[in-house]
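User: I'd like to look at the contacts and enclosed spaces of a protein model with you. Could we take it step by step?

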Amino acid sequence: MKLSKTYGYLNKELDIIEYALSNAIQADNDVLREASTQLLQAGGKRIRPVFVLLCGQLGNYNIDRIKTVAVSLELIHMASLVHDDVIDDAELRRGKPTIKQLYGNRVAMYTGDYILARALENITALSKPTAHRVLSKTMVQVATGEIEQIKDKYNWDQNLRSYLRRIKRKTALLIATSCKLGAIAGDVPEADAEKLYRYGYYIGMSYQIIDDILDFTASENELGKPAGNDLLQGNITLPVLVAMKDKNFSDLVKDTFKDPNQVSERQMANLLTELKKTNAITESYKISDHYLKKALNELVTIPNHKAKQTLQSIAKYIGKRRS
């Protein structure tokens, strides 16, 4: 079963958000408009808007307020993808050429900046200062996380704490903020909004860990990029950190990446084979499961509602995700 089936009843609302996203990225400049549209049409899970919708439904649901929040959060996510692809020199995303590949680094960076600016412009339609403060603090943390990821590239001596802090800022905080801002837009009681924020944080941590696992276990066709691509880019993810507890694997990684620009496909294939011989994948799933259990626990006292059941179903789906 696909994740989208767990929230299929939201398709009408998601269509409204998709239309609003398209309107939000329109620009007078032809290049900005075409590049932004190219990114939007590449698709995506739109999981952040889903969390906004579900958490908003736990209160006084208003599609206009919810749409404003959902569009801004998805635009921020889209902008970060454009910037990531420039930093990683990525040619493909979701199996399609990146903005960087199609238009070059300069246009890609300005496209990301433009999309981010439209996100900030859009959120001003929501007259809730608390939401603006939450969003701005999140964006500061996301930017810090991106800098940390660049700093830690090919740093084989980093520890688990560094990795967890990085994925918190890279992924979990934006999902947590999606949940909280959805709740704020829906006038959900503050105590419940905080629980939903923590739910989103734990879900985000688990989701990113599983993404990092799949980078080694899924096929290139499923990933839309070569298996092991994160490691090839110098990003040290959880499976690598766990596998490097094995001295033989640690030595192999360091030897393979003596010159990061000269790593061959054969060497990468060998690394993937050797990583799978360790307990790295199993241990990484255990850590993901730990976060999922914490996420589900945050929902226990949330009032019963179809949206709550869907939030529970999403968590359980993520826990079983293997592709």
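Analyst: Happy to. Keep in mind that this is a predicted model. Leaving aside its neighbours within four places in sequence, Leu-39 touches Met-78, Val-82, Ile-99 and Ile-115.

User: Which helix holds Leu-39?

Analyst: Let's place the residue along the chain. The run of residues 30–41 forms one helix, and Leu-39 belongs to that run. The helix you want is α2.

User: Is Leu-39 buried or exposed?

Analyst: The relative accessibility of Leu-39 comes to 9%. A residue is called buried when the value is under 20%. Because 9% falls under that cut-off, Leu-39 is buried.

User: How far apart in space are Leu-39 and Met-78, C-alpha to C-alpha?

Analyst: Met-78 is one of the contacts of Leu-39. In sequence, the two residues are 39 residues apart. In space, their C-alpha to C-alpha distance is 7.7 Å.

User: Thanks! Now the cavities: how many of 30 Å³ or more does the structure hold?

Analyst: Here the count takes in cavities from 30 Å³ upward. The largest of them encloses about 80 Å³, and the second largest has about 60 Å³. The number of such cavities is 3.

User: Which elements each supply at least two residues of the lining of the largest cavity?

Analyst: Leu-39 turns up again here, as the lining includes Gln-38, Leu-39, Pro-97 and Ile-99. By class, the lining has 4 nonpolar, 2 polar and 4 charged residues. The elements that each give at least two residues are α2 and β2 (96–97).

User: And which helix gives the most to the lining of the second largest cavity?

Analyst: Among the residues lining this cavity are Tyr-163, Arg-166, Gln-208 and Asp-212. By class, its lining has 3 nonpolar, 4 polar and 3 charged residues. Both α8 (160–185) and α9 (190–217) supply at least two residues. With 4 residues, the helix that gives the most is α8.

User: One last residue: is Gln-233 buried or exposed?

Analyst: Gln-233 sits in the loop between α11 (229–232) and α12 (238–243). Beyond its neighbours within four places in sequence, Gln-233 is in contact with Asp-88, Lys-153 and Tyr-154. Its relative accessible area is 19%, and buried means under 20%. Gln-233 therefore counts as buried.

Key
Residues numbered from 1 in each chain as written. Predicted model: local features only at pLDDT ≥ 70, side-chain atom pairs only at ≥ 80, totals over all residues. Heavy atoms only, no water. Buried < 20%, exposed > 50% of the residue type's maximum accessible area, 1.4 Å probe, protein only. Contact = heavy atoms within 4.5 Å. 1 Å grid on protein atoms, 1.4 Å probe; cavity = no way out; pocket = protein on both sides within 12 Å on 5 of 7 lines; lining within 4 Å. Points joined across faces, edges and corners; volume = space filled by probe spheres on them. Nonpolar A, V, L, I, M, F, W, Y, C, P; charged D, E, K, R; others polar.
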